[in-house]
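Good morning, and thank you for coming. Please take a moment to look at the chain on the screen before I walk through some of its parts.

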Amino acid sequence: MIKKYLFKKYFLLNGITVLFILGVLSNALNYLYRILVARTLGPEGFGEFTVLISLVLILTVPSAPLQIAVTKFSAVLGIEGSSKKLAWLFRYLNKAVFFLTCGLFFLIIIFGRSIQNYLNLSSINYVYFLGLITSATMILGITRGVLQGLRRFFHLSLNALVESALRVA
């Protein structure tokens, strides 16, 4: 009994420690990324970049509650040992979010010129890039929710670290 408790306790502590350390590394890479982008783009280009990043954050707000819900359901299904149900949930949500983000991307394409003019962006390609990044971020929330629900903290942290490293590269 005590052995099981200690194993669960230290398993959680080890997971939190890994999550913390890799989270700090991920944030350091994000900071380095912002510095490199600011130095590369200059003041005007960095202003456009900041506007686009802000819009991505606004447009991906729905992915946060989705990730929390996926975390809950994947934790329950993981405890029950229902790997088939978990795989079905993962596929179903990925398909649903994919179609929703395709619709969002289609709207961004339709209203791209209006968005570009309103935000005073120098290129329409930035608006299209906004749509792609938003779509990818929405889908990524499902994967992260499953990893968090299954307590795969190392993989969850690694996911965030790879995302940050890809930005810098």
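On helix α2, the face turned away from the buried side carries the exposed residues I68, K72, I79 and E80. Please keep in mind throughout that we are looking at a predicted model.

Let us now turn to the opposite side of this helix. Which residues of α2 are buried? They are S63, Q67, V70, T71, S74 and L77. These residues lie on the same side of α2, because the arc that they cover around the axis is only 145°. As for what covers the buried residues of α2, the cover includes α3, residues 83–110, and α5, residues 124–149.

The length of the helix can also be checked. Helix α2 comprises 18 residues, from 63 to 80, and at 1.5 Å a residue it should span 26 Å. The C-alpha atoms at its ends are 25 Å apart, which agrees with that expectation. Just after α2 comes G81, which takes a positive phi of about 75°.

I should like to follow one residue of the covering helix α5 in particular, namely Q148. Is Q148 buried or exposed? The answer falls in between: Q148 is partly exposed, because its relative accessible area is 33%, and the range for that class runs from 20% to 50%. Setting aside neighbours within four places in sequence, Q148 is in contact with Q67, T71 and L156. Two of these, Q67 and T71, have already appeared among the buried residues of α2. Q148 also lies 8.0 Å from A75, C-alpha to C-alpha, although the two residues are 73 apart in sequence.

Next, the surface. A nonpolar patch is formed there by F20, I21, V24 and L25, which together have about 400 Å² of accessible area. One of its members, L25, is found in helix α1, residues 2–59. L25 is partly exposed, with a relative accessible area of 41%.

Finally, let me place these details within the whole chain. How many helices and strands does the protein chain have? The secondary structure comes to 6 helices and 0 strands, and along the sequence the pattern reads α-α-α-α-α-α. The protein chain has 169 residues, of which 30% count as buried. Among contacts between residues at least 6 apart in sequence, 70% join residues at least 24 apart. The accessible surface of the chain comes to about 11500 Å², and 72% of that surface belongs to carbon and sulfur atoms.

Thank you for your attention.

Technical notes. Residues numbered from 1 in each chain as written. Predicted model: local features only at pLDDT ≥ 70, side-chain atom pairs only at ≥ 80, totals over all residues. Heavy atoms only, no water. Helix = DSSP H or I, 4+ residues; strand = E, 2+ residues; numbered from the N terminus. Expected span 1.5 Å × (residues − 1). Buried < 20%, exposed > 50% of the residue type's maximum accessible area, 1.4 Å probe, protein only. Arc of directions from axis to C-beta. Contact = heavy atoms within 4.5 Å. Patch = residues over 30% accessible without salt bridge, like charges linked within 9 Å, V, L, I, M, F, W, Y side chains within 5 Å. Areas by Shrake-Rupley, 256 points an atom, 1.4 Å probe, with all protein chains shown as cover. Salt bridge = Lys/Arg side-chain N within 4 Å of Asp/Glu carboxyl O.
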